[in-house]
Number of protein chains: 2
Amino acid sequence: MLIEVGERGATLDAVAARAGVSKGGLLYHYPNKEALVAALLDRFDTLAQEEIEAMKTAPEGAGVYFIKAAIWDGGPLDRSFVAATRLAEVAHSETQRRFARIQKQWLEVLTEELGEDLARAVRYMSDGLYFNAMLENGGGQAMDRAKTDAEVESLLRVLELVRGRS
Amino acid sequence: MLIEVGERGATLDAVAARAGVSKGGLLYHYPNKEALVAALLDRFDTLAQEEIEAMKTAPEGAGVYFIKAAIWDGGPLDRSFVAATRLAEVAHSETQRRFARIQKQWLEVLTEELGEDLARAVRYMSDGLYFNAMLENGGGQAMDRAKTDAEVESLLRVLELVRGRS
DNA sequence: GTCTATAAACTGATAGAC
DNA sequence: GTCTATCAGTTTATAGAC
């Protein structure tokens, strides 16, 4: 709901209807809206930690893996990421803290492989991919996959170019 | 208000109080909330067009200019950009359309100078800078300037490296 | 031109039936 | 465990006084 209609549209009424329960039923499982948000953030955190492990052991290297992973494919981490973004934007401070921590961890793994400058460049490119997915993806449906793939290939070529030089 | 408290917090009441008028007074100047949003989008559009002209004539080149401009300095364009982002995130479709158009124009100017691959990389890095400013800047105050400057220098080094190679 | 007062609709949350 | 009914607080917008 956060992805499709934004923070404002993700009311208890709307969430309950989408989940196929009544508002009272929803509030039985989550005593208040903040508890629902907390569950979302925990889920995001778990998925992000799994991603960090996957980066570390990726055969193609953390940098290439990270950029490829930043494609919007409607997967659980992508969805959690964008949903959490919607909360961070309304100045939800707990969400902002968690985001900062995860971003820092990602940067650390990238720095080990690529050095500080390139690691930062890669993380910003990845953030840029998410940023654009966020903007274009109000509807929630997957973006034009061929187009996004081409853009990622484009970024990977730049990455290879720099690695060959640094 | 959009930057500091998000779309949800930017109520007519809050905007009126900040502007130093009553709600009735605000609604005299802007007949409804949508008109207020439209004025913001027009302002963003105007500033973005000015930026495109500045990019084209920048002595250091469009790419370097663009990355430097993406630092959050609390300037009018930065503020308009982030404010508009807040609207795009709640699935405000008109905002999304305008964003897409401006992003496309920026990419075209960059492509003329840098070629498709690098232009895309630069625009994504810039988007990433905004994305992070957005997340960390809930409070609205300027970010740690020294830190951001160092990050931009980092990105510029990568850009120079690739340009030397391609 | 700006204000107060108020209407109409919506949101999060509680109470209690089944 | 899920539902309906309802409350108190907001939010956008209108009406009319000054």
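This report describes how two DNA strands meet the protein in a predicted model, and then how two helices of chain B pack.

## Basis of the values

Because the model is predicted, local features need pLDDT of at least 70 and side-chain atom pairs count only at pLDDT 80 or more, whereas totals for chains, interfaces and linings use all residues. Residues are numbered from 1 along each chain as its sequence is written, chains are lettered from A and ligands numbered from 1 in the order in which they are written, and side-chain values use heavy atoms, with hydrogens and water left out.

## DNA strand D

Around DNA strand D there are 13 residues, of which S22(A), H29(A), L12(B), K23(B) and K33(B) come nearest; a residue is near a strand if one of its heavy atoms lies within 4 Å of it. Of the strand D atoms that come within 4 Å of the protein, 56% belong to sugar and phosphate.

Phosphate oxygens of strand D lie 2.3 Å from a side-chain N or O atom of H29(A), 3.3 Å from one of Y28(A) and 3.4 Å from one of R8(A). The elements giving two or more residues to this surface are α3 (23-29) of chain A and α3 (23-29) of chain B, and α3(A) gives the most, with four residues; helices here are DSSP runs of H or I with at least four residues, numbered from the N terminus.

## DNA strand C

DNA strand C is also surrounded by 13 residues, the closest being L12(A), K23(A), K33(A), S22(B) and H29(B). Sugar and phosphate make up 60% of the strand C atoms within 4 Å of the protein.

A phosphate oxygen of strand C is 2.4 Å from a side-chain N or O atom of H29(B), while backbone N or O atoms of S22(B) and L12(A) lie 2.5 Å and 2.9 Å, respectively, from a phosphate oxygen of this strand. The largest share of the surface near strand C, four residues, comes from α3(B).

## Helix packing in chain B

The axes of α4 (residues 33-57) and α5 (residues 62-69) of chain B come within 8 Å and cross at roughly 140 degrees, where axes are lines fitted to C-alpha atoms over the stretch in contact and angles run from 0 to 180 degrees between N-to-C directions. The two helices are therefore oblique to each other, a class that holds angles not under 35, not over 145 and not within 65 to 115 degrees.

Contact, meaning heavy atoms within 4.5 Å, is made by E51(B), A54(B) and M55(B) of α4(B) and by A62(B), Y65(B), F66(B) and A69(B) of α5(B).

Technical notes
A polar contact is a pair of N or O atoms within 3.5 Å; within protein, one must be able to donate a hydrogen and the other to accept it, and residues adjacent in sequence count only if both atoms are side-chain atoms.
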